[in-house]
Amino acid sequence: MAFFDLLNKVEYACVCGLLNPLTKLYFCRHCMKLRCGFCVCHEVDSHFCSNCLENIPSSEAKIRRNRCNTCFNCPSCQHTLSVRASTATVPLTGGGEGKESPSPAAEEGSSSKGAMKAEPASESAPPSNTPSGKQVTKKMYYLACLTCRWNSRDVGIPDQGVATGQWPEPEYPNATRFALLLEHYQSIVLHDKQERQELWRRKTPRQSKFPSLTDRTGLTVSMIRRQLGWSDVKVQVKTTPTPIKESVASDEVEELPAELFTTTVNLKTVTTLQQRLAQPAKQSTSVNQLYPQHKQLSIKRSLRCRQCDHNVIKSEYNPASIKYRIALFAAYHVPDVRLVRCDPLRAGGPEAALLLRITNPTINEMTITIMDLPTEEEEKLILEELKASIESATAGVSSMALSVPGLGKQGLLLEEPRMIDRSVNGILKLPDSSFTVNQRDDSIEFDEVVQVHQDEPKFIVWRKANHVAIQLGVQPKPNVPTGEDIVVGFSLQYTYVNTVGDKSVSASKEQKRQALTTRIYLNLGKLLPSGTD
């Protein structure tokens, strides 16, 4: 867990040219490339409440305005409120007493039939709701915060008789105005949508006026209605935006009350900025006017590669589950390079030792080669090839989208490749040969495995399971000012076994093995002046 909180000392280059740590990258097994958060398409799978874990459909979440009906947040500290129970003594009404224990007058009326016949009107009289002298104990519920000790009784919210009761909602002065604005803008959106559909209908080629020969009746229903002179059933009425009264600024401003300048301010009764922003409809200035807010819904989202349109991340539908159906994180497929130790770098000093640890996260053996970074001309050629491949893919999707509107949406959202904005001011002494890293095996940590001695290259310091530590030499470039961060980089080439099954060709493992390359940049710290520790 500490690795996720570290600074970005080791960064990987995405295809689009952005630098990110390995924990924030994804790996597409179909494109065989790294993807960052801008190179994937974010899609909402489901809405749920993080407190009660209720799964809410998207249509219902829109009606609820992305809020949970049963869970509330504390208006003081923004934590989740809990429902607390208490007992209260309330007077028993006359109607309830007549059902449980009949009065003496009722007993006398039931014993004599003549009295019932003499007074028929008293039988049909409704029971009185006037409180009697008896008291009963009833369980009541209120909202309380276990963090800051705020409760709903502080603001005068009455207790409820049911734990899941409907708590009263506060009334806001501008609620009617906001409702009119919402209706106005919804009508504008609907009007624009109809205009776009009408424009798309005019651009699409018209179908033949002759009936299809493959039709069962020979004539479509729409053509029959036209021949009979009837109007078409599906006639879409064109909507117009709902008019609304515009807001006009006024020069007349109410004067501040005189008490504001004379009364001593008690900061304990004044709301903070966070508390006011949590209630944007009212933004109360006093803590006595803070009301609980409905808890916002959380979402489960899936990530999709924008180039090949395959899922990269897909979570389980159950809100209580934290597992993934598809989890193509880059940390599961790309070698993990970590900075172990680097000797102090001094201006004009000798070569410093840099110790790196490389981990193989896959279940297949990797052959790793460390090479120099591409030059500026080579990087421009790589960018041109990427742009050409993106344009060809976009053109193919857009040609198919002529018949199906919205099909080329994903292809038009591709992130444009760019040059890597990171200058290298250190010289790294690269190893002279390739080396292998063993596959990941979880059972090795519990079994006593004797390491077989083998001839290792000189730059390999130690090897254990699927970890390899290498030592490289690094030296800052001349004319680097003192106190500047030293950045070095290299291209890491590794062999990857593609696990995507090909049903047409039964390829062997050797045919699926591919050599992939990624660029890595390391921040080694500040340059020290010569002759200092």
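These notebook entries record what I looked up in a predicted model.

**Entry 1: the open sheet**

I began with the strand order of the sheet. I found 6 strands in an open sheet, arranged S2-S1-S22-S21-S16-S18, with antiparallel pairing. I then looked up its edges, which are strand S2 (19-20) and strand S18 (435-437), each paired on one side only.

Next I turned to one pair within this order. Strand S21, residues 485-497, runs antiparallel to strand S22, residues 513-526, and I noted 12 bridges between them. For the register, I recorded that Ser491 stands opposite Arg519 in S22.

**Entry 2: Glu43**

Which strand holds Glu43? I located Glu43 in strand S5, which covers residues 40-48. I classed Glu43 as partly exposed because its relative accessibility is 23%, and the partly exposed class lies between 20% and 50%.

I then checked the surroundings of Glu43. Its side chain makes a polar contact of 3.0 Å with the side chain of Arg304. The C-alpha atom of Glu43 is also 5.3 Å from that of Ser302, although 259 residues separate the two along the chain.

**Entry 3: a nonpolar surface patch**

Which residues make the nonpolar surface patch of about 370 Å²? I listed Leu256, Leu260 and Phe261 as its members.

I followed up on Leu256. I placed Leu256 in the loop that links helix H6 (221-227) and helix H7 (259-262). Is Leu256 buried or exposed? I entered Leu256 as exposed, because its relative accessible area is 57% and the exposed class requires over 50%.

Notes. Residues numbered from 1 in each chain as written. Predicted model: local features only at pLDDT ≥ 70, side-chain atom pairs only at ≥ 80, totals over all residues. Heavy atoms only, no water. Pairing = 2+ DSSP bridges. Helix = DSSP H or I, 4+ residues; strand = E, 2+ residues; numbered from the N terminus. Buried < 20%, exposed > 50% of the residue type's maximum accessible area, 1.4 Å probe, protein only. Polar contact = N/O pair within 3.5 Å; in protein donor to acceptor, adjacent residues only side chain to side chain. Patch = residues over 30% accessible without salt bridge, like charges linked within 9 Å, V, L, I, M, F, W, Y side chains within 5 Å. Areas by Shrake-Rupley, 256 points an atom, 1.4 Å probe, with all protein chains shown as cover. Salt bridge = Lys/Arg side-chain N within 4 Å of Asp/Glu carboxyl O.
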